[in-house]
Every structure is written in structure tokens, then in C-alpha cells.
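I opened this structure to look up its hollows, its core and one residue in a loop. My entries follow in the order I made them.

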Amino acid sequence: MARSEHRRMVATEDGHRVTPAELFFDLVFVYAITQVTALMAADASPLRLLGGMVVLALLWWCWCSFAWLGNVVRADSGAMFGVLVAVMAVVLAVSLTVPDVYADAPGGLPTPLVFVLCYGAVRILHLITYWISDPADEALHATLRRTALLSVAPPFALLLIGSAFTGLTQILIWLGAVLIDYLGIYVTGSSGWRVASPGHFAERHGLIVIIALGESIVAIGVGVSGYTITAPVLLASTAGLLVVAGLWRLYFRRLADPAEHHLATLDGDDRTRLARDVYTFLHLPLVAGVVITALGLKKALQQVADTTKYDLSEPLHGVVAWALTGGVGIFLLATAAILLRTGGGRSVALLAGGVILLCAGPVVALVPALLALAVLAAAVPGVLVLHGRTAGRV
């Protein structure tokens, strides 16, 4: 009897909250997101930035799949914890391949192929575990079959094909796979999926936002690692922290609670659709914005710290100049979209601030990096103040 209890899946209840097992599961994604930033920083070009976002989108699906599953099956009970550990091992292998996924070094296993095979293993494990989580739920099984045929198999085939190429061709084929996967989720519909605990679902996504924000703070430290600590370095580090703190405040003080409350007011397919739109889809650009900002912060801090190569009057250049403010702009626009989807209305401050920062790259490329960082540190709380004053008026 005890052995049977240990093996079976344990369903969650309405008041279910995040378990320590899920926090443990998220640790591999801390490393994965760090690897995405490293991938883009190693070759800060528009093509590599696009490639980094494709990898992030694939990793996002791996995480989201088990965020949904953990909402209906307890992650810390029965066989589910064993599944999570297995997935962690596979995602760790995926993360190890990320830095070389577009530039496979000679020797060893073919990195792009290892990445794709491990990614496919995560998606298959998710479908199988979801299937056995409720053997009697025919609606769920029908949805899982459609998901496998429309949202897993075709993208996986494209990823396999893309792994045989390099450069722009590989990135575009993989981008096509991501787009088909996302479209497939809409085609399969919301019937069969369910959100048992809105509080758990919202909390899980809040934690992944914390992980992304934490990685941006790590990027600040990595940017100055190995260099002499000077007054400009301390000023730049403080400014970078203020930017991250502003994003944290916007999400956790203005967005997270209203979104969760709105999700809790719905049920059935309406709740599922809102969870899909707000958390699965719109949280991706939210996290992507933080990761891109981390790239800008890392390069800005490195430039301020490396006095042998750069003068303090020198600006950031190329895609890095855009990333510093553009990532914040994407975050603000994603926040505005989430507010709109959850019934919070349009935020002129977030929309205007997001567009301005998204387009500010050419200006950043004209001013010293430290000055650009300081202005951004002042701009983010300024947008928050304007949003707070105008919220609900439009």
C-alpha cells in the first residue's frame, strides 16, 4: 500500500501553493537563463541576439510545460518528484550546450543535435506524465494528442533539420519551429487543460520573473569581475541595481496581484485561456526583456570597469546600446499588454515609456555609457510614478 501511494500522482487542490520541490526544479533554469545571456554576450550582434531569444523561447516552453503540470499534480508527492529530477538532468544538459549551440566546437558530441534531442525529451516527458496524471480524463487526452501532433512533432522535426545548419539558416529554421509551436497551442484550444489553483499558477510565474531579475544582478557582477573597483564602477553598479529594482517594483507591486485576482474570478476554459495568454505567452517577452537588459548591463559595467580599453566618455555601441534600454522597453510593453488582458485598462505611461526606451538605442550610442545607465536608472522609477498617477484614467 505504501509503495502504491509512493508511485501514484497526487492531485492538487484549489488552495495549492508552490512547493520546495518546484523551487528546486527552478534551479536548473537559473543556470539556463545565465547561459542565454552568456551566449549573446560572446558575440553581441543582432543575429546572435535573435538566436539567444530563440533559445530562450525553447527553454521557456520547457519550464512552462511543467508549471502547468505542477498546478494539477503535486510536485513533491508520488512519482512526480522523480519526473522533475529526470527533467532537471535533461535541462541541465540543454543548458550546457547553449553557449556553443550556434558555433559547435570541434570534438565531442554535436552540440546543436544534443540540444534538440534533450529539448524533445523534455516535451515528451511532459506529455507522458500529463497523460498518466489523470487516466480517466478523455478531454485532456484528446488535447494531449492534438498537442503532440500540432505543437510538438512538427517543431521538433524543424529543430532537427536546423541542427544540421549553422548561422542565419539555423536560427531562422529554429525560429520557424518556435512560431509553429506557439501557433499550435492556439490551434489545440483550451479544452482539456485546466488551472486548479490560480494562486499557485501566478506564484510560479512570479518566481521565474525573480529568477530573471536575479540573473540581471549576476550580470552586473560578472561585468566587473576581474577589474579594479573604482568610483565609476560603484556608481554604475548602483545604477544597474536601481534599474532592476524598478522592474521588480513594477511587476510585484503593480501587476502580479491584480493578474492573480482576475485569474481567480474565472473558471473552466475562460480561466485556462487567460492563464495561457497572460502567463504562458505574455510572460515570455517580460522575461526576454529582463534577459536583454542583463546583456546591456553586463556590457555597460564591463566597459565602465575596463579603463585600459575604454574611456569613461565612450558610449556603448551596436546591439549593446539598444539592449540597455530596449530590454526595459520590452518589459514595459509586456506589462502594459498584461494589464490590458487582465482588465486593468491601457497604461499610457507604460506604453509611451516602453516605445521610447525601445527606440532609444541611437541616443544611447551617442552618450557615455555611465551617463546612459544613470539616466535609465532615473527613467524607470519615473515611468512607475506616471503609471501610478494615471492608472485607471484611460
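I began with the lining of the largest pocket and sorted its residues by class: 14 are nonpolar, none is polar and none is charged. The model is a predicted one, and I read every entry here with that in mind. For the volume of this pocket I noted about 290 Å³. I then looked for the lining residues closest to the centre, and found Met53, Ala57, Leu175, Val178 and Leu284 among the 14. Three elements give two or more residues each to this lining: α3, α7 (167–188) and α11 (283–305). The most comes from α3, with six residues.

Next I turned to the second largest pocket, which has a volume of about 240 Å³. I counted 15 lining residues, and those nearest the centre are Thr325, Leu357, Ala360, Val375 and Leu376. By class, I have 13 nonpolar, two polar and no charged residues in this lining. I checked which elements supply at least two residues, and wrote down α13 (348–358), α14 (361–364) and α15 (369–390). With six residues, α15 gives the most.

Then I looked for closed spaces. How many cavities of 30 Å³ or more does a search of the whole structure find? I recorded three.

The largest cavity holds about 220 Å³ of space. Its lining has 14 residues, and Trp61, Trp68, Ile185, Trp193 and Thr280 are the closest to the centre. I listed α3, α5 (111–133) and α10 (268–281) as the elements that give two or more residues to this lining. The largest share is from α3, at four residues. Sorting the lining by class, I got five nonpolar, seven polar and two charged residues.

For the second largest cavity I noted a volume of about 70 Å³. I could list its lining in full: Phe29, Ala32, Ile33, Leu56, Leu59, Trp60, Trp63, Ile208 and Val287. The class count is nine nonpolar, no polar and no charged. At least two of these residues come from α2 (20–42), and at least two from α3. Here α3 gives the most, with four residues.

Since α3 kept turning up in my notes, I went on to the core. The largest nonpolar core has 128 residues, and Val55, Phe66, Phe115 and Trp174 touch the most other members. Helix α3 (residues 46–72) contributes the largest share of this core, 18 residues. I picked Val55 for a closer look. Setting aside neighbours within four places in sequence, I found Val55 in contact with Val36, Leu39, Val98, Val101, Tyr102 and Phe115.

My last entry is on His16, which I located in the loop between α1 (2–7) and α2. Is His16 buried or exposed? I entered His16 as buried, because its relative accessibility is 5% and the cut-off for buried is under 20%. I also looked up what surrounds this residue. Beyond neighbours within four places in sequence, His16 is in contact with Glu22, Gly70, Arg74, Ser197 and His200. With one of these, Arg74, I noted a polar contact between the two side chains, at 3.3 Å.

Conventions. Residues numbered from 1 in each chain as written. Predicted model: local features only at pLDDT ≥ 70, side-chain atom pairs only at ≥ 80, totals over all residues. Heavy atoms only, no water. Core = buried A, V, L, I, M, F, W, Y, C linked by side-chain atoms within 4.5 Å. Buried < 20%, exposed > 50% of the residue type's maximum accessible area, 1.4 Å probe, protein only. Contact = heavy atoms within 4.5 Å. 1 Å grid on protein atoms, 1.4 Å probe; cavity = no way out; pocket = protein on both sides within 12 Å on 5 of 7 lines; lining within 4 Å. Points joined across faces, edges and corners; volume = space filled by probe spheres on them. Nonpolar A, V, L, I, M, F, W, Y, C, P; charged D, E, K, R; others polar. Polar contact = N/O pair within 3.5 Å; in protein donor to acceptor, adjacent residues only side chain to side chain.
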